[in-house]
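This report covers salt bridges and one helix pair. The sequence and structure come first.

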Amino acid sequence: MKKIMACAAALISVALFFGCSDSSSDNNAALLLAASSSSSSSSSSLPASVGTNELEGKSFEYSSGSTTTVYKFNSNTFTITITQDVSASANMYSAYKSVLEFNYSYSYDSTTKRIYSILNSQNLIGKRDNSNINLPWMSFYSESSLKAYCKNLGNFLYDKASTSVKEGLIDNMVKSYRLSNLTSYGYTDNTGAEAASDVVWARYSKYRALYNNFVTKQAYNLSGSSFKIVSDSYYPKSVELSDFTNKYSSDTLSVLSGDTAKYNINFAGQYYWPERNAAIMDTTSLTGFKVSSVTDNAIAVSETGIRLAATSDFNYTETTGTIVATKTVNDTCSTYELSMPVGGGIVNSMGTITINYATASNIPSFASATSYTLVTE
């Protein structure tokens, strides 16, 4: 059974580099596919392109075993196609071809060797001689749509299995998806058997709506016929603090006092599981703040949460307060000095955020990156 599930995972459990944490050092795109719904995100959220597009009109390929990954770049969009041939399993499934297709809008900076991208759509395609399936990847937002998604996928995957075996495998798939996708939003059944509540699904759906606006930051290397791409932790110079409530809302900002971290800011965090996460938390995770709005010079706080342990729920109380952000800019970074007026002319200094800009001198290492080869037609 483990072997069967491992083979089926070619279609149901792949993870991609795009959309993953910017700190990731694993650059094998075939192993890093991030789960997200299809979206219609606008390229207007992307920073303006700079210089000459070195990637336009080019395709790059990497093959390992039965899996082939292809990047294809147009002027302002690119696709990643990951194709895998899966061998048959006696009495369970016929051989099939798994295809994951991802479409992105992107902008570029040829001086700093960066690209910035937004996911437009992603599709899961299974191909056999006598049957095919085409599903928007991870397209479920409720118990009913999750079950329908798994049923469609399971009926394709397990074409040789008996009805009872197939139903059991589909049920296991539903449980697996609940655990892997909903635990961060307050789903607590560690078996995956219990249906998720409407509240959990609403949190998940809210975050996925945010995901559709996320901008992924990457650095690229183009040398002869070799193309490499890695995650990047630096930002375009156009970035503002308010951008961290939408297109960079999954990124974490550290608030430092000297060299000591005092707070962590992750604006999307308050949508995961509000009882356990806040947009701003001190480094003990015992105090948190919900945020209602952000500009480039102010963060409006709506609720303050206190708890006894990082594994317990916050007890929130309504708060009317503003964290003042005083901005300083130079060629390599912007800094924000955060302070919170507490009355009587007293100002509580929280610390400083530094947002480092991408430059030609801070391109990350490509030493462990996968090398894709230019496809010549």
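Glu 54 is partly exposed, with a relative accessible area of 25%; buried means under 20% relative accessible area, exposed over 50%, and partly exposed in between (1.4 Å probe, protein chains only). This is a predicted model, in which local features need pLDDT of at least 70 and side-chain atom pairs count only at pLDDT 80 or more, while totals for chains, interfaces and linings use all residues. Residues are numbered from 1 along each chain as its sequence is written, and side-chain values use heavy atoms, with hydrogens and water left out.

Glu 54 forms a salt bridge with Lys 113, where a salt bridge is a side-chain nitrogen of Lys or Arg within 4 Å of a carboxyl oxygen of Asp or Glu. The pair links distant parts of the chain, 59 residues apart: Glu 54 is in the loop between helix H1 (2-12) and strand S1 (59-64), and Lys 113 is in the loop between strand S4 (96-109) and strand S5 (114-127). Helices (H or I, at least four residues) and strands (E, at least two) are DSSP runs, numbered from the N terminus. Lys 113 is partly exposed at 25% relative accessibility.

The structure holds twelve salt bridges, among them the three tabulated here.

| Salt bridge | Closest N to O |
|---|---|
| Lys 113 and Glu 54 | 3.0 Å |
| Arg 203 and Glu 275 | 2.9 Å |
| Lys 327 and Asp 296 | 2.9 Å |

The side chains of Arg 203 and Glu 275 meet in a salt bridge. Arg 203 lies in helix H4 (residues 198-211) and Glu 275 in the loop between strand S10 (260-265) and strand S11 (280-282), so this pair ties together parts 72 residues apart in sequence. Arg 203 is buried at 13% relative accessibility, whereas Glu 275 is partly exposed at 29%.

Lys 327 and Asp 296 also meet in a salt bridge. Lys 327 lies in strand S14 (residues 315-329) and Asp 296 in the loop between strand S12 (287-294) and strand S13 (298-306), so the linked parts are 31 residues apart in sequence. Lys 327 is partly exposed at 32%, while Asp 296 is buried at 19%.

Turning to the helix pair, the axes of H2 (residues 143-157) and H3 (residues 163-182) come within 9 Å and cross at roughly 135°. Axes are lines fitted to C-alpha atoms, for helices over the stretch in contact, and angles run from 0 to 180 degrees between N-to-C directions. H2 and H3 are therefore oblique to each other, as angles under 35 degrees count as roughly parallel, over 145 as roughly antiparallel, 65 to 115 as roughly perpendicular and the rest as oblique.
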